[in-house]
Structure formats: structure tokens, C-alpha cells
Amino acid sequence: MRVAYSVEEVEVPKGVSVAIEKTGPFDYLVKVKGPLGEVVKEFRNTPVVMNLQDGRIVLEVFNARKRDYSIIGTYKGILKNMFLGVTKGWRYKLKVIYTHFPMLVKVQGNQLIIENFLGRKSKIVLEIPKGVKVEVKGKEDLIVEGIDRELVSRFAAAIQAATELHGDERPSPHGREGGLGVVDGIYVVGHEHIKN
């Protein structure tokens, strides 16, 4: 089934400037600038037509299939996250949890280093992306901040994935089957805006 025409509009907040550049027949470069900085996103091979009209971003699809039509909602969400990023920012909170071996988490330059995970001698080293700020608070709290939600959330997820155990690596406690297994790791526990 095809939708002949559909349109959605996203209001540009006060204090935010938007530039939309068409870089190819189906490619757009969107720059959003606000009080906290600038976020740039590239939309490639898109069936959606993007225009800036009277302080609104207009998203249109013509003769679209269901998949193409649903992309409008995704783009609308991405644009709103960009606006929130440059006005309020994004903060993800993580918790360091260990039972037997105390984990040491520290920031050195542009790297996040996790030591003594499950008593291992090898370190887990993650490169902190440009535009992302990481702060270690005490022994158990980790804060990941930035204005690009995609970048911040992806890095927070990468930290959690780096300490995730799978299959045989996840033994049951005290040799019992069916238990929780090893709970050691770094977990995302919530997110909020930097500015309210």
C-alpha cells in the first residue's frame, strides 16, 4: 500500500538556528545551532523531502510505501533530539556494580579505562568520542554528557557492552544453576537533560 502524500512539521525553538543543505538527489545535511553548541546530522538516501519554511522544518513524502512513510516519524524524533541537545544537552548516568573484585574506572586523556573487571589483569580501554564528556564520581557513578544524543547514548551503551558477559562467561553464583549469575558490570541507570 502506498501513501500518495504526507507531511509533518517540526517547530524550530527560539534561540536555535537551522541550516538545511541538499548534498545530493536524496541526501541532506542539517546543522542545528543553539546556546550549548552545534549538532550536524547527515540524512542519506532518504525518501523524505526536507525544507525550512517560516521557522519550521517541513518533512514531505510523495507516493511512499509504508516503510518510507514511517521514516518521517523517525526524522521528526531525530530533529527534536537535536533541538533538545543544543538547548538542554544530554546526560546519561551509569552505575559501576561489583561483588568480589573492586573495579577501577578512570578517564585518561580521551580514553576511559576500566581495570580489575572480575579480577582480570587486562584493561578495557574505550576511546571517548569528540563532543562527549565523561566524569567519574566516586567509585560507583559514571556520567556521560554531550549535546548529540546519538553520540552520548551510543557511548553509554558501549561502556555497558564492554563489561557484559555472555554464555559460559556468565557463571551462576556459588555453583548453583538458575541464579542471577555474575552481576558485575557497568550499567546505564537513567538519562536526563544537563539544563532544565
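Two strands pair if DSSP finds at least two bridges between them. Strands here (E, at least two residues) and helices (H or I, at least four) are DSSP runs, numbered from the N terminus. The structure is a predicted model, in which local features need pLDDT of at least 70 and side-chain atom pairs count only at pLDDT 80 or more, while totals for chains, interfaces and linings use all residues. Residues are numbered from 1 along each chain as its sequence is written, and side-chain values use heavy atoms, with hydrogens and water left out.

**Exercise 1. The sheet 8-9-10**

Task: Find the edge strands of the open sheet with the order 8-9-10, and the bridge partner of Lys 106 in strand 9.

Solution:
- Step 1. The sheet is open and has three strands, with antiparallel pairing. Strands of a sheet pair through backbone hydrogen bonds, either parallel or antiparallel.
- Step 2. Strand 8 (104-108) and strand 10 each pair on one side only, and these are the edge strands.
- Step 3. From one strand to the next, the twist averages 20 degrees. Such angles run from 0 to 180 degrees between N-to-C directions, and the axes are lines fitted to C-alpha atoms, for helices over the stretch in contact.
- Step 4. Strand 8 and strand 9 run antiparallel and are joined by five bridges. Look along strand 9 and you will find Ile 113 as the bridge partner of Lys 106.
- Step 5. Now add the helix: helix 2 lies across strand 9 and strand 10, at about 170 degrees to strand 10.

**Exercise 2. Helix 2**

Task: Work out why the buried residues of helix 2 are on the same side, and which strands they pack against.

Solution:
- Step 1. Start with the length. Helix 2 (residues 149-162) has 14 residues and, at 1.5 Å a residue, should span 20 Å; its end C-alpha atoms are 20 Å apart, which agrees. The expected span is 1.5 Å times one less than the number of residues.
- Step 2. List the buried residues, meaning those under 20% relative accessible area (exposed is over 50%, partly exposed in between; 1.4 Å probe, protein chains only). In helix 2 they are Val 152, Phe 155, Ala 156 and Ile 159.
- Step 3. These residues cover an arc of only 100 degrees around the axis, so they are on the same side of helix 2. The arc is that of the directions from the helix axis to the C-beta atoms.
- Step 4. Check the packing, where contact means heavy atoms within 4.5 Å. The buried residues of helix 2 pack against several strands, among them strand 7 (90-97), strand 11 (132-137) and strand 13 (185-192).
- Step 5. Finish at the N-terminal end, which Asp 148 caps: one of its side-chain oxygens lies 3.2 Å from the backbone nitrogen of Glu 150.

**Exercise 3. The sheet 2-3-4**

Task: Trace the pairing in the open sheet 2-3-4 and find the helix that packs on it.

Solution:
- Step 1. Three strands pair in the antiparallel sense, in the order 2-3-4. Strand 2 (17-24) and strand 4 (37-43) are at the edges, each with a single partner strand, so one side of each has no neighbour in the sheet.
- Step 2. Strand 2 is joined to strand 3 (residues 27-34) by seven bridges, and Ile 20 stands opposite Val 30.
- Step 3. Helix 1 (residues 66-87) packs on this sheet and touches strand 2, strand 3 and strand 4, its direction making about 165 degrees with that of strand 4.
- Step 4. Seven bridges also pair strand 3 with strand 4; Leu 29 has Glu 42 as its bridge partner. The two strands form a hairpin with two residues between them.

**Exercise 4. Two positive phi values**

Task: Compare the places of Asp 54 and Asn 116: is each one exposed or partly exposed?

Solution:
- Step 1. Most residues other than glycine have a negative phi, and most peptide bonds are trans.
- Step 2. Asp 54 has a positive phi, near 50 degrees. It lies in the loop between strand 5 (49-53) and strand 6 (56-65), and its relative accessibility of 69% counts as exposed.
- Step 3. Asn 116 has a positive phi of about 60 degrees. This residue lies in the loop between strand 9 and strand 10 and is partly exposed, at 27% relative accessible area.

Notes. Polar contact = N/O pair within 3.5 Å; in protein donor to acceptor, adjacent residues only side chain to side chain.
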